[in-house]
Amino acid sequence: MNASTIINDNMTLEEKLAAIDAAMANAQAQADESAAANGSFAAPLDPADLTMCEGCQ
């Protein structure tokens, strides 16, 4: 997830927070859909996971 595609400098704080909330909800929905396709359940996403690269996790 690239933050520059979600928020920009012209947005107000409220708009930035709403965009981040929407992106996290979308990421959770995708995880739920993927898990349902595999016949399992997705755990809630940890917001901290979205702030670091895959290699650092």
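Accessible areas come from the Shrake-Rupley method with a 1.4 Å probe, and for residues only the protein chains shown count as cover. By this method the protein exposes about 4500 Å², of which carbon and sulfur atoms supply 55%. This is a predicted model, in which local features need pLDDT of at least 70 and side-chain atom pairs count only at pLDDT 80 or more, while totals for chains, interfaces and linings use all residues. Residues are numbered from 1 along each chain as its sequence is written, and side-chain values use heavy atoms, with hydrogens and water left out.

Begin with the whole chain in a cartoon view, where the protein has two helices and zero strands (DSSP runs, H or I of at least four residues for helices and E of at least two for strands, numbered from the N terminus). The radius of gyration, taken over C-alpha atoms, is 13 Å, well over the 10 Å that the globule rule (2.2 Å times the number of residues to the power 0.38) gives for 57 residues, so the protein is more spread out than a compact globule.

Next, select helix α2, residues 13–37, and find L13 in it. L13 is exposed, with a relative accessible area of 57% (exposed means over 50%, buried under 20% and partly exposed in between, with a 1.4 Å probe and protein chains only). Buried residues make up 11% of the 57 residues in the protein.

Finally, show the C-alpha atoms alone and turn the model along its principal axes, where these atoms fill a box of roughly 40 × 25 × 15 Å.
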